[in-house]
Amino acid sequence: MSLRITALTDTEETSSGRRLAWLASDPDGNSVGRASLRLFTKEGQRHLAELDIQVEASDRRRRAGSLLLDAALTAAREDGRRSVVAQADAGSPGAAFLTARAFRPALALIHARLPLADADLAALTAVAEAPHADYRLTAWEGTVPDELADTFVASRRAMDDMPMGTVDHGTVLWDLDRVRAAAAAVAARGDLLHTVAAVDRSDGSIVGFTELVIPGSGTGDGQHYGTAVLPEHRGHGLARRMKAASILRARARHPRLDGLLTDTADNNPHMRHVNDALGYLPTHTAHEYQRDL
């Protein structure tokens, strides 16, 4: 069967990158697959592209995936990218497809879910509200308040040493414009960004944070975006405390929410322990694959 690959013109651009897309169709014009390529544009990540390919199950093994991949890799090379990353669940057809095409597994992610109906609210409250002489918690929705903006931006470096396997993600450079743009992107699609932060009582600076995105409908599952503590403030249980507070806020403000989703690198035992202690249950493992161009 002869397939046609069409580059789509409605590309998407955000503050952190732009997206290219392709459609695979059969001779009758029916869609059989699609691909998108995110080209990161921020300093520190301009070497990288992120690939997503989807082919209908009934149309696999007809070269649609290979043709879409060729189009995406060509675009990545023409844009000067030196590596492409893609994600697939362990043991899935997508994992086999990537492995057969020179992508190497570079990171294993443990996905987990907390069913809110089963959350131990008393235990979570005890963790979140435990008094601490050196730190307190604060929280907000949407973009960071002006009075906390400077130290919140500075605290983003807490993510710099996050375990990432051998994935070449580069260094993400954060400034206030990027922080605000990320919050605006969540709001633009109708979702809600909740942030809980740890504050150093000695100077009022933010030393850690956890972010949670809630569907605009207030139903279904929320998604944790990241939890981190500055290296010089680790060892005080702040990650567990912030995440417990985030769970309680989600439960109280969105009573129709079903659960919360998180994913953690398998080589990050500390955060995996935090998730286990808070009641998150592993659901599946995915791998991030990387191909050097």
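**Reading strands and salt bridges in a predicted model**

Modeller: Let us begin with strand β9, residues 192-200, which is mostly covered, since 8 of its 9 residues are buried. Please keep in mind throughout that this is a predicted model.

Biologist: Which strands pair with β9, and in which sense do they run?

Modeller: The general idea is that in a regular strand the side chains alternate between the two faces of the sheet. In this structure, strand β8 (residues 135-141) is joined to β9 by 7 bridges, and the two run antiparallel. Strand β10 (residues 206-214) pairs with β9 as well, over 8 bridges and again in the antiparallel sense.

Biologist: Which residue in β9 stands opposite T138, and what is the bridge partner of A198 in β10?

Modeller: T138 stands opposite A197 of β9. A198 has G208 in β10 as its bridge partner.

Biologist: How many residues lie between β9 and β10 in their hairpin?

Modeller: The hairpin of β9 and β10 has 5 residues between the strands. In that turn, G204 has a positive phi of about 75°.

Biologist: I should like to turn to charged side chains. How many salt bridges does a search of the whole structure find?

Modeller: Side chains of opposite charge can pair when their charged atoms come close. Here the search of the whole structure finds 10 salt bridges. One of them joins the side chains of D79 and R18, at 2.5 Å from N to O. D79 lies in the loop between α1 (64-78) and β6 (83-89), while R18 is in strand β3 (residues 17-25), so this pair ties together parts that are 61 residues apart in sequence.

Biologist: Are D79 and R18 buried or exposed?

Modeller: Each falls between those two terms. D79 is partly exposed, with a relative accessible area of 30%, and R18 counts as partly exposed at 27% relative accessibility. In addition, R18, D79 and R81 are linked in a network of salt bridges.

Biologist: With which residue does R113 form a salt bridge?

Modeller: R113 forms a salt bridge with D221, and their closest N and O atoms are 3.0 Å apart. The pair links distant parts of the chain, with R113 in strand β7 (residues 104-115) and D221 in strand β11 (residues 220-229), 108 residues apart. R113 is partly exposed at 25% relative accessibility, and D221 is partly exposed at 27%.

Biologist: Which side chain meets D146 in a salt bridge?

Modeller: The side chain of R180 meets that of D146, at 3.3 Å from N to O. D146 lies in helix α4 (residues 146-155) and R180 in helix α5 (residues 176-188), so the pair ties together parts 34 residues apart in sequence. D146 is exposed, with a relative accessible area of 60%, whereas R180 counts as partly exposed at 36%.

Biologist: How should one read a buried residue, and what is G33 in contact with?

Modeller: One looks at the accessible area and then at the contacts. G33, placed in strand β4 (residues 31-40), is buried, with a relative accessible area of 0%. Leaving aside neighbours within four places in sequence, G33 is in contact with W22, L23, A24, Q54, V55 and L68. The C-alpha atoms of G33 and Q54 are separated by 5.5 Å, although the two residues are 21 residues apart along the chain.

Biologist: Finally, what domains does the assignment give for the protein chain?

Modeller: The domain assignment gives domain 1 (4-81) and domain 2 (111-285). The C-alpha centres of domain 1 and domain 2 lie 31 Å apart.

Technical notes: Residues are numbered from 1 along each chain as its sequence is written. This is a predicted model: local features need pLDDT of at least 70, side-chain atom pairs count only at pLDDT 80 or more; totals for chains, interfaces and linings use all residues. Side-chain values use heavy atoms; hydrogens and water are left out. A salt bridge is a side-chain nitrogen of Lys or Arg within 4 Å of a carboxyl oxygen of Asp or Glu. Helices (H or I, at least four residues) and strands (E, at least two) are DSSP runs, numbered from the N terminus. Buried means under 20% relative accessible area, exposed over 50%, partly exposed in between (1.4 Å probe, protein chains only). Two strands pair if DSSP finds at least two bridges between them. Domain bounds come from an automatic or database domain assignment. Contact means heavy atoms within 4.5 Å.
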